[in-house]
Amino acid sequence: MISGKIGVLFLHGYTGGRYELEPMFQYLKSRHDFEYEFPVYPGHGLELNFKNVTGEDWYEEAFEAYQELSAKVDKIYIAGFSMGGLFASHIAEHYKVDKLLLIAPAFEYTHLNKLSRLNLRPEGLGEHLKMKTMDVVKSRLPKLSIRAFNEFRMIMESKMPDYEKIKSETLIVHGKIDLLVPYLSSVEAEKKIENSRLELIDGAPHVMSYTEEHQHTLNILAERFLFK
């Protein structure tokens, strides 16, 4: 058993909200006792509004939650999804993080001129379309502006970690039919983060909560890594 008070910081992705990690959070909370912080970045959540916020505002919200949680616990873990994984890695590079769970971390995003980076089989695209996951992405697009995307791009560049400086015990989980963040970026990160391992999930999209099967797999991986 793990001794000492444990805190888990949950960090969601760009244009997302708590709902992206809520199923995993609820699963873990029903089975384990831990303190937590689960911030929503300015402008994010169920209603998007990026008019008066910046990428630095998003990171500061995540970092303030880390500071509040770390002051209350003996061990601190971070579970970061997509952009939240990027923030989690940046924090772990510079501050104490005992365990780092990175779910499809946004170490890269898909460029139209680099679609080969997806390393996607033709049948993989078909699987993705059956899940209709892109319908959710499309619903967010009207709320996005060039400025909002540039804020995302700039915060990615400024918070990109030096992988070799991350000493936390790290698990990276990535779906192999992720159309937004190439899973090859996680393959490359795992090679450079000293105490890390990678779990690639066949048939899983960017947001694993879209399907019961992949959410269950993520729940089990997270529990075994964080609490066993």
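## Exercises on a predicted model

Helix α6, residues 146–159, is 14 residues long and reaches 20 Å from its first C-alpha to its last, close to the 20 Å expected at 1.5 Å a residue. That expected span is 1.5 Å times one less than the number of residues, and helices (H or I, at least four residues) and strands (E, at least two) are DSSP runs numbered from the N terminus. A quick word on ground rules: this is a predicted model, where local features need pLDDT of at least 70 and side-chain atom pairs count only at pLDDT 80 or more, while totals for chains, interfaces and linings use all residues. Residues are numbered from 1 along each chain as its sequence is written, and side-chain values use heavy atoms, with hydrogens and water left out.

**Exercise 1. Work out which residues of α6 are buried, and what they pack against.**

Step 1: Apply the cut-offs: buried is under 20% relative accessible area, exposed is over 50%, and partly exposed lies in between (1.4 Å probe, protein chains only).

Step 2: The buried set in α6 is Ala-148, Glu-151, Phe-152, Ile-155, Met-156 and Lys-159. These residues sit on the same side of α6, because they cover an arc of only 135 degrees around the axis; the arc is taken from the directions from the helix axis to the C-beta atoms.

Step 3: Flip to the other side of α6 and you'll find Ile-146 and Glu-157 exposed.

Step 4: Using contacts (heavy atoms within 4.5 Å), the buried residues of α6 pack against α2 (55–70) and α3 (83–94).

**Exercise 2. Do the same for α1, residues 22–31.**

Step 1: Met-24, Phe-25, Tyr-27 and Leu-28 come out buried in α1. Down the axis of α1, the buried residues fall within an arc of 165 degrees, so they line one face of the helix.

Step 2: Their packing partners are β1 (6–11), β2 (35–37), β3 (75–81), β4 (99–103) and α8 (212–227).

**Exercise 3. Place Ser-168 and list what it touches.**

Step 1: Look in the loop between α6 and β5 (169–175) for Ser-168. Ser-168 counts as buried because its relative accessibility is 5%.

Step 2: Leaving out residues up to four places away in sequence, Ser-168 touches Ala-92, Val-97, Asp-98, Leu-100 and Asn-195.

Step 3: Check the Val-97 pair: the side chain of Ser-168 reaches the backbone oxygen of Val-97 at 2.7 Å.

**Exercise 4. Summarise the protein chain's secondary structure and burial.**

Step 1: Tally eight helices and six strands.

Step 2: Of the 228 residues in the protein chain, 53% are buried.

Key: Polar contact = N/O pair within 3.5 Å; in protein donor to acceptor, adjacent residues only side chain to side chain.
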